[in-house]
Amino acid sequence: MSCLVVIGVQWGDEGKGKIVDILAHQSDMVVRYQGGNNAGHTVVVGGEPFFLHLIPSGILHPNKKNIIGNGVVLDPKIFLEEIEALKKRGFLKDDSELIVSESAHVIMPYHRRIDVARENKKDGLKIGTTGRGIGPAYGDKITRRGIRVLDLLDKDKFRRKLAPILEEQNFFLTQFFKEEPLDLDQMVDEYFIYGQRLKKYVGDTSLLVYEGIEKDKKILFEGAQGVLLDIDHGTYPFVTSSNTVAGAVCTGAGVSPLKIKGILGISKAYTTRVGTGPFPTELTDEIGDKIQKVGHEFGTTTGRRRRCGWIDLVSLQYAIRTSGITSLAVMKLDVLSELSEIKLCVGYQWKGQKLSSYPVDSEKLSECEPIYETVPGWKENLTSIRDFKDLPVATQKYIHLIEERLKTPIDVISVGPDREQTITRHNPFSF
Ligand code: GDP
Ligand code: IMO
Ligand code: MG
């Protein structure tokens, strides 16, 4: 039984795509199980970048099964565009390498419109969403007004299902947001065509994963976003609309928790966040600007500038607890070179009192003052180092300190965006 889950343990963009790509090499299946095209995973192969939003980052390796599970919300237009782009670059030669769940929910045009309209409302709550319709699509799933992939395959059934839903959505769009209504016929025609193009990729993904497990295949589950964006355990309401903790694999792919063998948490050597919401270790000074510049911290999906700050061991400890992280990968260590000193947040102070656990209340979290431990930085460029013992002593000490404080081994260290720029201390797949 070889099921490994890879998840982000911060606010997303930790470098999950790079690690999934590397581990996909030794996997038989790569499975996405939550989120949608709010995700943006960059994989760099031989200096060439690939941007993936929906399709698992295993697609750059031939002969792997890439699965989009039921827990994903799928924008069919984006999905088909991503397929075309990959095919143009010589990937996905065999269509049977990609399978999407028939019960994945579909992001419809009204979801995108409502997502953007909500964000633009002057007196509304600004979350800084990606505007991809994620929240409204998950909302409709939960209130049982969703359209699923299988609904797109039969035109009459699709129309019958969509008509009353669109009536309600149009009421909301026109009456509340004062926007133009959407046309039923046009939507049925457009989305039925997507359904026809999608058909060959549709399957029973939970069964496929189960069969893979029965045959003792190596299965890699690729998380999107990060634990602190989890709908239940993240900095609500400044979160995404799915569960991003490791447990989401079970519902989002239809897998028993007893089958999961390891959970690899991906963290940057510092912290970033896109969108609004509390961020105790955020740096609004020249050090934050330097990390942002050196780390090219711009979102893959929306191009927005990412907020930057020091590593936060309190929130990482929380992520480790809520997801049962078995080991970590620390990314972008190269970005911290040339800083005279580096800080690690080892506790929070709130109204003069030291907190013993991570606060669930976002307002309280925004009032927390980080308690820092400061260590010396290093000057050396790390990008061509491939062995832990070749890292500067100060860098090794930084890694050891994180490991010690989090009581979790760091299996992988990343020193650059390329596949090759990786130090593997222990293979996360050898359980
Ligand atoms: P994901 O959403 O977790 O897959 O992460 P993103 O791809 O959105 O963001 C991570 C960014 O950092 C991408 O541009 C990667 O190419 C880049 N990256 C990953 N690892 C490293 C690293 O070790 N060093 C540097 N400098 N860049 C990295
Ligand atoms: P990957 O998989 C970073 C953030 C958005 C916003 C909040 C809600 O690349 O790590 P949404 O559109 O999901 O309703 O937006 O969540 N967000 C991400 N931030 N990386 C991501 O994905 C994200 N997906 C959503 O910026 O703050
Ligand atoms: Mg990303």
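## Ligand 2

A polar backbone atom of Gly128 stands 3.4 Å from an oxygen atom of ligand 2. This distance, like every other value in this report, belongs to a predicted model. Side chains also approach the ligand through polar atoms. An N or O atom in the side chain of Lys16 is 2.7 Å from an oxygen atom of ligand 2, and for the side chain of Thr240 the corresponding distance is 2.6 Å. How much of ligand 2 does the protein bury? Taken alone, ligand 2 exposes 550 Å², and the protein buries 98% of that area.

The surroundings of ligand 2 comprise 20 residues. The closest of them are Asp13, Lys16, Thr130, Gln225 and Thr240. Lys16 and Thr240 therefore appear both in this list of closest residues and in the polar pairs described above. As for its location, ligand 2 sits in the largest pocket.

## Ligand 1

Ligand 1 also has 20 residues around it, and those that come nearest are Lys16, Gly17, Gly40, Thr42 and Ser414. Lys16 is listed among the closest residues of ligand 2 as well. The space taken by ligand 1 is the second largest pocket. Two elements, helix 1 (16–24) and strand 3, give two or more residues to the shell around ligand 1.

Backbone atoms take part in the polar surroundings of this ligand. A backbone N or O atom of Thr42 is 2.7 Å from an oxygen atom of ligand 1, and a backbone N or O atom of Gly15 is 2.8 Å from an oxygen atom of ligand 1. A side chain is involved too: an N or O atom of the Arg306 side chain lies 3.3 Å from an oxygen atom of ligand 1. On its own, ligand 1 has 580 Å² of accessible area, of which the protein covers 91%.

## Gly35 and Ser337, two loop residues

Gly35 belongs to the loop that runs between strand 2 (29–32) and strand 3 (41–45). Is Gly35 buried or exposed? Gly35 counts as buried because its relative accessibility is 0%, and the cut-off for burial is under 20%. Beyond its neighbours within four places in sequence, Gly35 is in contact with Gly71, Val72, Val73, Tyr138, Gln225 and Ser242. One of these contacts, Gln225, is also listed among the closest residues of ligand 2. Gly35 and Leu336 are separated by 301 residues in sequence and, from C-alpha to C-alpha, by 30 Å in space.

Ser337 is placed in the loop between strand 15 (327–331) and strand 16 (341–350). Ser337 has a relative accessibility of 9%, and so counts as buried. Its side chain reaches the backbone oxygen of Glu380 at 2.7 Å. Not counting residues up to four places away in sequence, Ser337 touches Lys290, Trp378, Lys379, Glu380, Asn381 and Leu382.

## Helix 4

The buried residues in helix 4 (residues 134–142) include Ile134, Pro136, Ala137, Tyr138 and Asp140. Tyr138 is one of the residues in contact with Gly35. What do the buried residues of helix 4 pack against? Their partners are strand 6 (73–74), helix 3 (109–120) and helix 5 (155–176). Arg144 follows helix 4 and has a positive phi, near 60°.

## Helix 10

Helix 10 (residues 313–323) is mostly covered, with 8 of its 11 residues buried. The buried residues are Leu313, Val314, Ser315, Leu316, Tyr318, Ala319, Ile320 and Ser323. They pack against several strands, namely strand 1 (2–8), strand 11 (260–268), strand 14 (311–312), strand 15 and strand 16, and also against helix 12.

Both ends of this helix can be described. At the N-terminal end, Asp312 acts as a cap, with a side-chain oxygen 3.0 Å from the backbone nitrogen of Val314. Just after the helix, Gly324 takes a positive phi of about 65°.

## Glu403 in helix 12

Helix 12 (residues 393–406) contains Glu403. This helix is among the elements packed against by the buried residues of helix 10. Why does Glu403 count as buried? Its relative accessible area is 17%, and burial requires a value under 20%. Leaving aside neighbours within four places in sequence, Glu403 is in contact with Thr408, Pro409, Ile410 and Arg425.

Conventions. Residues numbered from 1 in each chain as written. Chains lettered and ligands numbered in written order. Predicted model: local features only at pLDDT ≥ 70, side-chain atom pairs only at ≥ 80, totals over all residues. Heavy atoms only, no water. Helix = DSSP H or I, 4+ residues; strand = E, 2+ residues; numbered from the N terminus. Buried < 20%, exposed > 50% of the residue type's maximum accessible area, 1.4 Å probe, protein only. Contact = heavy atoms within 4.5 Å. Near = heavy atom within 4 Å. Polar contact = N/O pair within 3.5 Å; in protein donor to acceptor, adjacent residues only side chain to side chain. Areas by Shrake-Rupley, 256 points an atom, 1.4 Å probe, with all protein chains shown as cover. 1 Å grid on protein atoms, 1.4 Å probe; cavity = no way out; pocket = protein on both sides within 12 Å on 5 of 7 lines; lining within 4 Å. Sits in = over half its atoms within 2 Å of the grid points.
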